[in-house]
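Open the model in a viewer with the sequence panel visible. The stops below say what to select next and what is there.

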Amino acid sequence: MNDRTRLLTTLDPNEDPVTGLERVASFTNENAEVRRRHREQSQRELEESHRYKSHKNEEKEGAVSSRYESLNYEIVENELYRAEEMESDHQRKLFRQSVNRWVVCFFIGVFTAIIAAAIDIMIYYSSLIKFRLIISNLLNLCEKRMEVGGGCIWTVEFAWICYNCILITISACLVLYLSPVAAGSGISQVKCFLNGVEIPGVVRLKTLFAKALGVACTVAGGLSAGKEGPMIHSGAVIAAGISQGKCVTFSFDFHIFEQFRNDREKRDFVSAGAAAGVAAAFGAPIGGVLFSLEEGASFWNQSLTWRMFFAAMMSSFTLNFILSVFHGVGGFLSWNGLANFGVFENHSYNIWEIPIFLLIGVLGGLSGALFNFLNLKLSRFRKKYIQSKCQKLMECLLVAAASAFTGFITLFLVNDCQPIGRNPKLTEVTKLWCRKGQYSAVANLFFQSPEESVKSLFHSPANSYAASTLLIFAVEYYFLSLWTYGLSVPSGIFIPTLLTGAAWGRLIGIIVEYMFPNVTGIHPGKYALAGAAAQLGGVVRMTISLTAILVEATRDITFGLPIMLVLMVTKWVGDLFNQGLYDAHIELNEVPILGWCAPELSRNILAGHIMRRDVVTMMSKERVARVIEVLCATSHHGFPVIDEINSPSNEEEIPEYGHLKGLILKSQLITLIQKRVFCEDPDCRILVDGSELVQLSDFAEEYPTKLQLSERDGNCWLDLTPYMHPSPYRVTLNASLSSIFHLFRGLGLRYVAVVDDENKLHGIITRKDLARFKGRRTFGNYAVWELFVSDFQT
């Protein structure tokens with residue numbers, strides 16, 4: 001079929017551009033209308049069926065949202081890409097690019113540390129205002145009233161609630177009105193980005209501003225939240241901004257690091273930023289690198305590992321230097337990040353304690369699974385009933401008030417006053433409601449920073465807390481953390497779960513000490529450490545990285561084995577019931593993420609069943625009007641290039657495609673149109689006047705959203721051969737889901753063409769087509785079910 005007789009029909013305007021747009025021949029209008037009605041009817045029946053199934057079993061059924069697009073990690077090896085290697089200065093460009101990668105990682109570490117220090121300093125000064133200016137003055141008033149038999153707990157509580165609500169209002173407004181994607185810890189979003197899913201706004205400057213200032217207000221406002229998780233997101237945003245050398249929020253371009261303006265390089269730097277965020281949060285550079293490997297990266301190589309470790313080290317030591325100067329000990333580089341858990345001195349464990357640690361792991365798995373189950377139920381309720389900005393703000397204020405009220409009412413009802421000499425590290429607020437010479441153990445848990453509370457549970461003397469106090473606090477903080485996670489404020493889950501686990505872990509230590517009174521070396525602090533690891537591991541299901549983080553944060557390898565055993569058992573037990581919290585929220589938001597492995601029992605699910613048959617294709621030489629029509633009518637980011645297209649045989653609705661010649665990207669087409677690389681004749685031998693020379697760097701620039709073309713331009717031709725990817729990845733019709741999954745996961749692909757033995761195109765497989773196949777193991781039984789691709793906003 002030659003160029004003059006090939007099909008030049010317009011596209012069906014009734015076709016849904018999200019689910020696919022057919023390139024069909026000029027059949028009669030009657031036949032096209034019949035096919036259109038049949039497709040609409042089939043789609044309605046399919047959606048009604050899926051909605052019914054989802055209503056019947058929400059836990060099992062779900063959807064994959066079509067609004068999420070994939071990132072382009074694949075290299076387009078077109079003629080321009082190959083010609084670049086032959087340029088005289090190509091060697092110098094490669095060397096400069098290698099050096100600049102290390103320079104970017106250096107700045108990522110430094111700026112991540114600066115943001116972390118700023119957050120910590122804001123929380124510090126907010127605490128001074130709360131405790132010294134407000135609470136201390138009320139404390140003096142309370143002491144006077146107590147001398148005459150009065151009390152002022154309600155006055156203190158009201159002032160505390162008002163101050164907290166002011167800060168939470170600021171935090172919530174930053175999320176609701178500036179950057180909604182800044183809500184939560186951001187780890188789920190970063191994990192999706194590193195997996196190859198484009199989350200709108202996740203690495204923007206306004207997101208960083210909302211995240212940093214918002215999490216400072218959230219923690220200072222008394223919510224059961226931590227600043228460590230948001231630091232990982234902040235590091236990712238910093239990495240994306242520095243590596244691209246421009247600011248999209250303010251449309252400002254520094255014209256530096258332009259060679260890194262592609263999704264593949266951006267992904268590598270974001271993984272380094274996430275590692276730097278962990279290093280700043282916990283003082284754990286090795287844990288940061290392992291975190292990026294375990295939780296995010298779907299790729300790995302030695303050079304990237306070294307750069308990530310370098311960024312993490314720079315972040316950790318830069319933060320140590322800044323905080324040491326701030327606290328008056330300049331040059332003290334042994335400061336231990338934002339979460340300083342202290343050092344376990346003269347603590348050891350015996351082999352008979354291993355079963356107790358394993359029991360703690362079982363309890364952590366059960367507790368974490370229950371936490372995830374309840375939080376997911378609450379998140380579904382929020383998604384359905386709490387939708388307006390006003391409702392979300394009111395919920396944040398309600399949780400802030402409830403958190404403050406819970407702390408004060410517990411302080412008032414639980415009488416656990418201890419001698420001051422038993423715990424030397426106290427503040428004025430911990431001495432509330434106790435006689436002189438005593439402090440309140442309840443206040444020591446509720447009314448200081450969560451990090452200090454964790455440190456207190458780890459290192460306080462054996463009799464610092466009553467068993468009833470630990471039990472009540474663990475239960476209350478467990479449900480407060482559960483309620484807080486998912487609010488429209490920046491908040492992390494690391495420290496709240498560590499604090500909850502440390503409380504019930506220390507309680508187990510007291511029980512063990514009571515059961516074995518004659519055994520020496522039993523200190524509840526080490527059981528608090530095991531409980532903290534178990535609770536956090538049960539919620540997020542991290543193993544390798546969490547072991548390294550806790551060992552580095554406590555600066556002691558002694559408890560490395562118990563922590564590892566606890567986390568292994570915790571993950572095994574938790575996975576029997578549900579998945580980790582981050583994965584559960586990713587699935588709830590219908591993000592088409594690909595896990596580490598393909599679903600079990602997927603060997604007999606073949607490409608012919610997975611693929612989409614309604615493919616929008618291009619010829620190697622296309623009319624400009626045809627290209628514009630396709631770009632306007634579809635949201636696709638890539639189009640297979642074929643040599644011919646034939647009418648459907650028999651009653652088939654899909655045309656018969658020819659041989660696959662390559663693949664052209666949407667961004668490339670827009671750039672070619674912008675540069676007016678048009679030809680006058682169908683054979684593309686004569687260029688039109690005003691055509692510009694296209695270079696490889698032109699495709700890395702931002703392309704315009706609107707194009708101004710004349711009617712004469714629409715009648716011109718585009719030759720796609722020099723610019724298309726001539727060897728896109730393809731699989732045959734009998735390729736299994738498992739093999740296709742590993743191809744996508746390992747190479748970070750966006751789509752794969754499906755061809756027959758003669759290399760004729762039969763369909764295309766995208767990330768969403770793979771992500772809709774979900775596998776789950778429950779009590780040893782494996783199951784695979786197929787979701788549907790939803791066009792509704794989540």
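Two strands pair if DSSP finds at least two bridges between them. Helices (H or I, at least four residues) and strands (E, at least two) are DSSP runs, numbered from the N terminus. This is a predicted model, in which local features need pLDDT of at least 70 and side-chain atom pairs count only at pLDDT 80 or more, while totals for chains, interfaces and linings use all residues. Residues are numbered from 1 along each chain as its sequence is written, and side-chain values use heavy atoms, with hydrogens and water left out.

**Stop 1: the sheet β8-β10-β13**

Select residues 618–619, 638–642 and 660–665, which are β8, β10 and β13. These three strands form an open sheet in the order β8-β10-β13, with mixed pairing. β8 and β13 stand at the edges with a single partner strand each, so one side of each has no neighbour in the sheet.

Strands of a sheet pair through backbone hydrogen bonds, either parallel or antiparallel. Here β8 and β10 pair in the parallel sense over two bridges; show Met619 and find Ile642 of β10 opposite. On the other side of the pairing pattern, β10 and β13 are antiparallel over five bridges, and Pro640 stands opposite Leu663 in β13.

Now colour β13 by accessibility. Buried means under 20% relative accessible area, exposed over 50%, and partly exposed in between (1.4 Å probe, protein chains only). Five of the six residues of β13 are buried, so this strand is largely enclosed by the rest of the structure.

**Stop 2: helix α23 and the loop after it**

Add residues 666–674. This is helix α23, which lies across β8, β10 and β13 and runs at about 75° to β13. Axes are lines fitted to C-alpha atoms, for helices over the stretch in contact, and angles run from 0 to 180 degrees between N-to-C directions.

Next, pick Arg676, in the loop between α23 and α24 (711–714). Most residues other than glycine have a negative phi. Phi of Arg676 is positive, near 55°, and the residue is partly exposed, with a relative accessible area of 24%.

For another positive phi, select Glu590, where the value is near 60°. Glu590 is in the loop between α20 (581–588) and α21 (607–610), and is buried, with a relative accessible area of 15%.

**Stop 3: helix α16 and two partners**

Select residues 494–515 for α16 and 450–459 for α14. How far apart are the axes of α14 and α16? They are 9 Å apart, and the helices pack at an angle of about 25°. That makes α14 roughly parallel to α16 (angles under 35 degrees count as roughly parallel, over 145 as roughly antiparallel, 65 to 115 as roughly perpendicular and the rest as oblique). Their crossing is left-handed, meaning that the near helix is turned anticlockwise from the far one by less than a right angle; clockwise would be right-handed.

Show side chains where the two helices are in contact (heavy atoms within 4.5 Å). On the α14 side the residues include Val454, Leu457 and Phe458, and on the α16 side Leu498, Ala502 and Arg506 are among them. The residues of this contact divide into nine nonpolar, two polar and two charged. Ala, Val, Leu, Ile, Met, Phe, Trp, Tyr, Cys and Pro count as nonpolar, Asp, Glu, Lys and Arg as charged, and the others, Gly among them, as polar.

Keep α16 and add residues 524–540, helix α17; the two pack at an angle of about 140°, with axes 6 Å apart. They are therefore oblique to each other, and the crossing is right-handed. By class, this contact has 14 nonpolar, eight polar and two charged residues.

**Stop 4: buried sites**

Select Thr484, in helix α15 (residues 467–484). Thr484 is buried, with a relative accessible area of 1%. Not counting residues up to four places away in sequence, Thr484 touches Leu223, Ser224, Ala225, Val399 and Ser491.

Move to residues 187–195, helix α5, where nine of nine residues are buried. Lys191 and Asn195 are among these buried residues. Gly196 follows α5 and has a positive phi, near 110°.

**Stop 5: the sheet β15-β16-β17**

Finish with another open sheet of three strands, in the order β15-β16-β17 and with mixed pairing. β15 (730–732) and β17 (761–766) stand at its edges. Neighbouring strands of this sheet are turned by 30° against each other on average, direction ignored. Three bridges join β15 to β16 (residues 751–755), and these strands run parallel; Arg730 has Ala753 as its bridge partner in β16.
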